[in-house]
Amino acid sequence: MTAPDARTTTRTNPALTERQEARRRRILHASAQLAARGGFDAVQMREVAESSQVALGTLYRYFPSKVHLLVATMQDQLQHMHTTVRKRPPSGDSPAERVAETLMRAFRALQREPHLADAMVRALTFADRSVSPAVDQVSRQTTAIILDAMELDDPTPEQLSAVRVIEHTWHSALITWLSGRASIAQVKIDIEMVCRLIDTTGSKSSPRGD
């Protein structure tokens, strides 16, 4: 999950210049690399600054704390994941099957980088109100991934409610897996079960392309 692709290297924040966005991407890449090697404790702001070749003061202007940085790293990883899903969409016949397949692909990617996954989840857990905008971005990115997998242009309020429940379950399952209290097999069962909520909500929306 740590390697960016062509889509994720374009400017994601129009308020930043191209040079500033390139600097921000170096910082996020350094953060992901350090976290992948040693988890939350391995991400030290001074080391991130050195690895990304920016001044420590500059790093703090972009990200006021390690928690801000790691939450932004999670949003960046989800954006990369979203790009991958769009390039290789899920193959399930129903929205529930496609969402479950997409979320399990995300879990398997996180399984390959358990230290990085743990660091990002810990940052979300530690986040206070000052990190709320970044946490909201993580939530919006997760919602966008699920909605794309559903392949519906105009989801109903009931479907959006189901999406929120799925997000909560996905996050909870990630925590229980990282803590060793659930296997990937159990996670798969839980994700597939909660995704069935989508099929019970009914649909007044039209599949894409109709």
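What is the volume of the second largest cavity? The numbered points below answer this and then turn to a pocket and to three helix pairs.

1. The model under discussion is a predicted one. Its second largest cavity has a volume of about 40 Å³, and the structure holds two cavities of 30 Å³ or more.

2. Around the second largest cavity, the lining is made by Leu-78, Met-81, Leu-103, Ala-106, Thr-142, Ile-145 and Trp-170. At least two residues of this lining come from each of α4 (66–87), α5 (95–112) and α7. By class the lining of the second largest cavity comprises six nonpolar residues and one polar residue, with no charged residue.

3. The second largest pocket encloses about 250 Å³ of space, and its lining consists of Met-74, Leu-124, Val-135, Val-138, Ser-139, Thr-142, Glu-167, His-168, Trp-170 and His-171. The elements that contribute two or more residues to the lining of this pocket are α7 (132–150) and α8 (157–178). Five of the residues lining the second largest pocket are nonpolar, four are polar and one is charged. Thr-142 and Trp-170 line this pocket, and Thr-142 and Trp-170 also appear in the lining of the second largest cavity.

4. Helix α1 (residues 18–38) packs on helix α2 (residues 45–52) at an angle of about 125°, and the two axes are 8 Å apart. With that angle, α1 is therefore oblique to α2, and the crossing in which α1 passes α2 is right-handed. On the α1 side the contact is made by Arg-26, Ile-27, Ala-30, Ser-31 and Leu-34, and on the α2 side by Glu-47, Val-48, Ser-51 and Ser-52. The contact of α1 with α2 has four nonpolar, three polar and two charged residues.

5. Helix α1 also packs against α4, where the axes come within 9 Å and cross at roughly 95°, so that α1 is roughly perpendicular to α4. From α1, the residues Arg-24, Arg-25, Ile-27, Leu-28, Ser-31, Ala-32 and Ala-35 meet Leu-69, Leu-70, Ala-72, Thr-73, Asp-76 and Gln-77 of α4. This contact of α1 with α4 divides into seven nonpolar, three polar and three charged residues. Ile-27 and Ser-31 take part in the contact with α4, and Ile-27 and Ser-31 likewise belong to the contact that α1 makes with α2.

6. The third pair is α5 and helix α9 (residues 184–200), whose axes come within 8 Å and cross at roughly 150°. Because of that angle, α5 is roughly antiparallel to α9, and the crossing of the two helices is right-handed. In this contact, α5 supplies Pro-95, Ala-96, Val-99, Ala-100, Leu-103, Met-104, Phe-107, Arg-108 and Gln-111, while α9 supplies Ile-184, Val-187, Lys-188, Ile-191, Glu-192, Cys-195, Arg-196, Ile-198 and Asp-199. By class, the contact of α5 with α9 has 12 nonpolar residues, one polar residue and five charged residues. Leu-103 of α5 is one of the residues in the contact with α9, and Leu-103 is also among those lining the second largest cavity.

Key. Residues are numbered from 1 along each chain as its sequence is written. This is a predicted model: local features need pLDDT of at least 70, side-chain atom pairs count only at pLDDT 80 or more; totals for chains, interfaces and linings use all residues. Side-chain values use heavy atoms; hydrogens and water are left out. Axes are lines fitted to C-alpha atoms, for helices over the stretch in contact, and angles run from 0 to 180 degrees between N-to-C directions. Helices (H or I, at least four residues) and strands (E, at least two) are DSSP runs, numbered from the N terminus. Angles under 35 degrees count as roughly parallel, over 145 as roughly antiparallel, 65 to 115 as roughly perpendicular and the rest as oblique. A crossing is left-handed if the near helix is turned anticlockwise from the far one by less than a right angle, and right-handed if clockwise. Contact means heavy atoms within 4.5 Å. Ala, Val, Leu, Ile, Met, Phe, Trp, Tyr, Cys and Pro count as nonpolar, Asp, Glu, Lys and Arg as charged, and the others, Gly among them, as polar. On a 1 Å grid over the protein atoms alone, a cavity is a set of points where a 1.4 Å probe fits but cannot get out, and a pocket is an open set with protein on both sides within 12 Å along at least five of seven lines; lining residues have an atom within 4 Å of a point. Grid points are joined across faces, edges and corners, and a volume is the space filled by probe spheres set on the points.
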